[in-house]
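Me: I would like to go through this structure by question and answer. Please keep the reasoning short.

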Amino acid sequence: MSEPHFAGPLRALVERVGGDSSRVRIERQEPDRDAAASGSFHARGGTLTLRGTDLPAASSAFARYLQSHGERITWESPRIGSGWTSWPDAPQTAQATPFGIRYHLNVVTHGYSTAFWDWPRWERELDWMSLHGVTHPLVLTAYEVVLSEALRRSGVGVDEAHAWIGGAATIPWMSMGGLHDFGGPLPATWAQRRVELARRILARARELGMTPVLPVTGGHVPASLAGEDAAEIEWQGWRTPLLAPASPAYARFVRRFLDAQRELLGDPGAEPWFAVDPYIESLPPTGEPEELARAGVGVHRALAAVHPRATWLLQGWPFHYHRDFWSTERIAAYLSGVPHDRLVLIDLWGEHAPMWRGGMHGRRWIWTAVHNFGGRFALFGDLRGLAADVAELSALRPEGLEGVGLAPEAIENNTVFYEAAADAVWRDVDVDAWLDEFAVQRYGVEDPAAREAWRLLGATLYGPGRTRSIPSPVIARPWTASAPFATQRLAGEALPTAPTRMSANIDAENDPAVLGDLPVIAHAARLLIGLGDRARHREALEHDVVELTGHVIAQRLRPHIRGVLAAAAAHDGAELRAHAARLHEDLRTLDELAATRPESRVSTWIAAARSWGGDVAEADAMERDARSLVSVWGHQTSGLHDYSGRHWSGLVRDLYIPRWDAWAAWLADAADDVTAPDEAVLQARIVQLEESWRGAIGSDDTSSAPPLAVAAAALDRLGL
């Protein structure tokens, strides 16, 4: 039997993850009945046989084989840890999925996670995608280069186009009409390097049997192109002109964009997929159904004029986020003119706010989990709910459902959630049994302590109902004399008709179980610390211990914050300063812990950003944009402060600690004087600290201390 066409790329993947492809046999198989894709494996006499209906199916079968022998390829463990000289025996094992589309990434993942990735990091992610069965990855890389060329061909000056695009970190929001003219400028060699990177990403994705989803402009352009009378949309204080989607001007601009995209990035194929989101978190200029219908069909016709067999992938997010505006009538009107086979709708936040239970408007659709917002630190995920959701979709096959996927705002966090999601696509997942297996695969060691740790975590951080993040007090922005946590609404929840800020109580997004679970989580961390050198996947072990211990430290800040507030109310400056000192010391402990791991140092993020600069000035501009995204985010008036806050060394030490210290000192001075504190004084100081950090250069935040020892010492200090 001759090998299928995908044998070569699959062999190369096996080699990249540390396997011996010379003793791998690869065969194509016909789909199982009622399955969109299927694969299988067996091994005998040192030879591994992989079969699949296509490359993602065969690659997923390979991943399942590794799991059956205590190995799992993850973000933290990208290579096989076992020193196999031949493939261990395995019985014939088959798996299948009813989901033909398996989607991956979110537009904004390309800001919060991938903004500064180089090719080696992208190559690892593409291998991860293949092993996790992804068929449709969203690839935003070089969007801004294509847009710049389309603007140039439309008569917009080069300087104006570059200013409009702004900085690297916020390209995703610019691409959806959220903002413009913020950050930057981009380096002189940026366009060339990004195009080269994008072409490599797209080529590898297609080699691995995937259909890349490419972004296309929704018509958000400078006023000089849109015209003085153009309608505008608004987001977080930015107003953006919009070419009317049904207008000849929009059709011309889309053609120029798609022509430039083909020339720069290559032929997208006969049946390309395009992501177009004109109103992602903004209201359309009009709510008239007739105008909305013209807008929807205008986007479709502009795409079809260039690529007649293109599929428009539309996030259903606006229909949830602005549900007071998007009535059933308005949604029906917007979609009415788009042929059924040319549009796929995403039920984006399926694990928390599923749209499909109310119907998907008669359209083809896919279900995805967002899970993470902004990349900010939070350990959470309802594993049982996730498994049940995917199993229900598999069993019910709701009308129009064509696939599932993951659309997180950031990745490389809560690995267990994403691994469980990928496995649930191919088989029913009994979470308790699955966690037992995951504990072995995660660290590469068969040990009851690892299993017990994950049993505890599966009942707490990853237990039923954990579909929302557990907020970290560390990143709370002290701004008034009240308990500071939420200075913005709950991320992701639908906007009320008249947006208002939420309560500033640090428990506004919390529940009583969080503090009560800390001893259990600390015990789980202790169990993992005990694995020590026996763990083959040491990186994963250290990563998990640092994050678990960091979660415990962070949540234990709450009593200190309450103590400061109580002392302030009693005008007891001495007691207030004592609580503030304990708050400061615990934050220092968190910073020292984070410094032991490269992925939790702000210097790692900064170095990646600076690597794109061609000279010092360009590198400085890249660093400012990188710092901005994880701190102030936008303008001081944008209301997005700390949306992407992280437990990173350097960020904790040089921004969060000074803010908390300033808040406590401000309250202490007022307590001493028995006067009401002047909020304007505090707020000016907080803004000064934030802008100083955003504009700083470099961060000496590394540590050579052993992570497990530092974590153990931190837990000792907390008495846990």
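Reply: A residue is called buried when its relative accessible area is under 20% and exposed when that area is over 50%. The model discussed here is predicted.

Me: Is Val276 buried or exposed?

Reply: Val276 lies in the loop between strand 10 (273-275) and helix 11 (289-306). Its relative accessibility is 0%, and the cut-off for burial is under 20%. Val276 is therefore buried.

Me: What distance separates the C-alpha atoms of Val276 and Val299?

Reply: Val276 is in contact with residues beyond its neighbours within four places in sequence, including Tyr250, Trp312 and Val299. Val276 and Val299 are 23 residues apart along the chain, and their C-alpha atoms are separated by 8.1 Å.

Me: Is Ser148 buried or exposed?

Reply: Ser148 sits in helix 5 (residues 143-153). Not counting residues up to four places away in sequence, Ser148 touches Ala161, His162 and Ile165. Its relative accessibility is 16%, so Ser148 counts as buried.

Me: Which three residues supply 70% of the area that domain 1 buries against domain 3?

Reply: Domain 1 covers 6-97 and domain 3 covers 512-718. The area buried between domain 1 and domain 3 is about 480 Å², with 48% given by carbon and sulfur atoms. The 70% share on the side of domain 1, more than any other three residues supply, comes from Glu76, Ser77 and Gly81.

Me: Which residue forms a salt bridge with Arg536?

Reply: One salt bridge is counted between domain 1 and domain 3. In the salt bridge of Arg536, the closest N and O atoms are 3.0 Å apart, and the partner is Glu71.

Methods. Residues are numbered from 1 along each chain as its sequence is written. This is a predicted model: local features need pLDDT of at least 70, side-chain atom pairs count only at pLDDT 80 or more; totals for chains, interfaces and linings use all residues. Side-chain values use heavy atoms; hydrogens and water are left out. Helices (H or I, at least four residues) and strands (E, at least two) are DSSP runs, numbered from the N terminus. Buried means under 20% relative accessible area, exposed over 50%, partly exposed in between (1.4 Å probe, protein chains only). Contact means heavy atoms within 4.5 Å. Domain bounds come from an automatic or database domain assignment. Buried area is the accessible area (1.4 Å probe) that two parts lose on being put together, summed over both. A salt bridge is a side-chain nitrogen of Lys or Arg within 4 Å of a carboxyl oxygen of Asp or Glu.
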